[in-house]
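Student: Could you take me through one part of this model in detail? I would like to look closely at the charged side chains.

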Amino acid sequence: MSELKKFLDDRLGLHLLDYEIPEHSNSIKYSLGGMTMTSFGVLIGSGILLAQFYNPTPEKANISIHFLMDQVYLGWFLRGIHFWAGEILTITLILHMIRVFYTASYKKPREINWLLGVGLLGFIITLMFTGTVLKWDQEGYEALDHFVWVAKKFGILGMPLTENFSPGVPILSRIYMAHISLLPIITIILLGLHIFYIKYHKLSPKPDGKDNNRFISFTQHMAYVRRAGIGIFTLICLLALTIAPPLGRVPIMGLEVTKPPWQFVWIYALENLWVPSLIVAPIIIGLCLISVPFIDRSTETDPKKRPIAMIILWGTIIIFIGLTLWGKFTTMTHTM
């Protein structure tokens, strides 16, 4: 066994993984990023298999998914895994960003990694949106209708994102190609850079300074993350076995009757107040997230000594929860 380990180490450089990191890394809150990566990996794997049965045309997209669910052996389970991996990823990603903000892990010298995280958040949201559209049921159609409305407001800049950009190719087909190629490729590149800078700047210390100079090997942390990943995958499989993801029939054009998935209900609520919120809100939120490490330049990381940052954090969480609940229980007051 030792000879095999030496053989692999000489060729793969496995000894480079044997470096010290703070002991507190072996905790759930400091492993949320690894859990998110597990869900993302499941999404990639299940997405490759789903692509074998999907027909990216408006006439057959929805029918091909129903065929997968009803006729393909374990097709319903495969789609359930893909759907629930996206749901779990959303939750762990949000919790990961809250933890990073709470522990001030965006501060010097980790500003670039915060920006990479914001970029990853943007692309993950885009992947979720395009995945919703690809169902091509009423919910998917209405999501695309809102997207095209926003794109048209940007004039020539938004033209590539409208149906008029390439009249011979349905916009659904172009969204499908973005969903399975461009968006995952960019996300993987950003993820690779994100991991590199975690290694380069090392895992952030505890914000209260109580690290106690205790260290473990990174390989021990990897073992912990693997166990957490197995737990995440088991949860995804259990959800896929017990709760079928939503799927309607072919959409009725020109009709607007559905609400978006829960990840986007907050902006549905804002849209009911003021339709241009579809454009303004994401821009403002994106700029706020980007500006965080440049506005908060202090060296203090203890949340107890950062009252303004904590007020902003918990206030933002409460606002988003409130908007989500409001959007969930209010009715539409306009049409696009």
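Student: Which residues form a positive surface patch?

Tutor: Happy to help. This is a predicted model, in which local features need pLDDT of at least 70, side-chain atom pairs count only at pLDDT 80 or more, and totals for chains, interfaces and linings use all residues. Residues are numbered from 1 along each chain as its sequence is written, and side-chain values use heavy atoms, with hydrogens and water left out.

The positive surface patch is formed by K29, K206, K210 and K304. Patches are made of residues with over 30% relative accessible area and no salt bridge, like charges being joined within 9 Å and nonpolar side chains (Val, Leu, Ile, Met, Phe, Trp, Tyr) within 5 Å. Lys and Arg count as positive and Asp and Glu as negative, while His and the chain ends are not counted. The place of a charge is taken as NZ of Lys, CZ of Arg, CG of Asp or CD of Glu. Accessible areas come from the Shrake-Rupley method with a 1.4 Å probe, and for residues only the protein chains shown count as cover.

Within the patch, K206 lies in the loop between α7 (171-201) and β2 (215-217). Helices (H or I, at least four residues) and strands (E, at least two) are DSSP runs, numbered from the N terminus. K206 has a relative accessible area of 32%, so it is partly exposed; buried means under 20%, exposed over 50%, and partly exposed in between (1.4 Å probe, protein chains only).

Now for the paired charges. The structure holds six salt bridges, each a side-chain nitrogen of Lys or Arg within 4 Å of a carboxyl oxygen of Asp or Glu. One of them joins the side chains of K107 and D296, at 3.3 Å from N to O. K107 lies in the loop between α4 (75-102) and α5 (111-134) and D296 in the loop between α10 (277-295) and α11 (307-329), so this pair ties together parts that are 189 residues apart in sequence. K107 is buried, at 5% relative accessibility.

Another salt bridge joins K152 and E163, at 3.5 Å from N to O. This pair links K152 in helix α6 with E163 in the loop between α6 and α7, eleven residues apart. K152 is partly exposed at 47%, and E163 is partly exposed at 34%. Elsewhere, K135, D137 and E139 are joined into one network by salt bridges that share partners. In the bridge between K135 and D137, the closest N and O atoms are 3.3 Å apart. K135 is buried at 9%, and D137 is buried at 3%.
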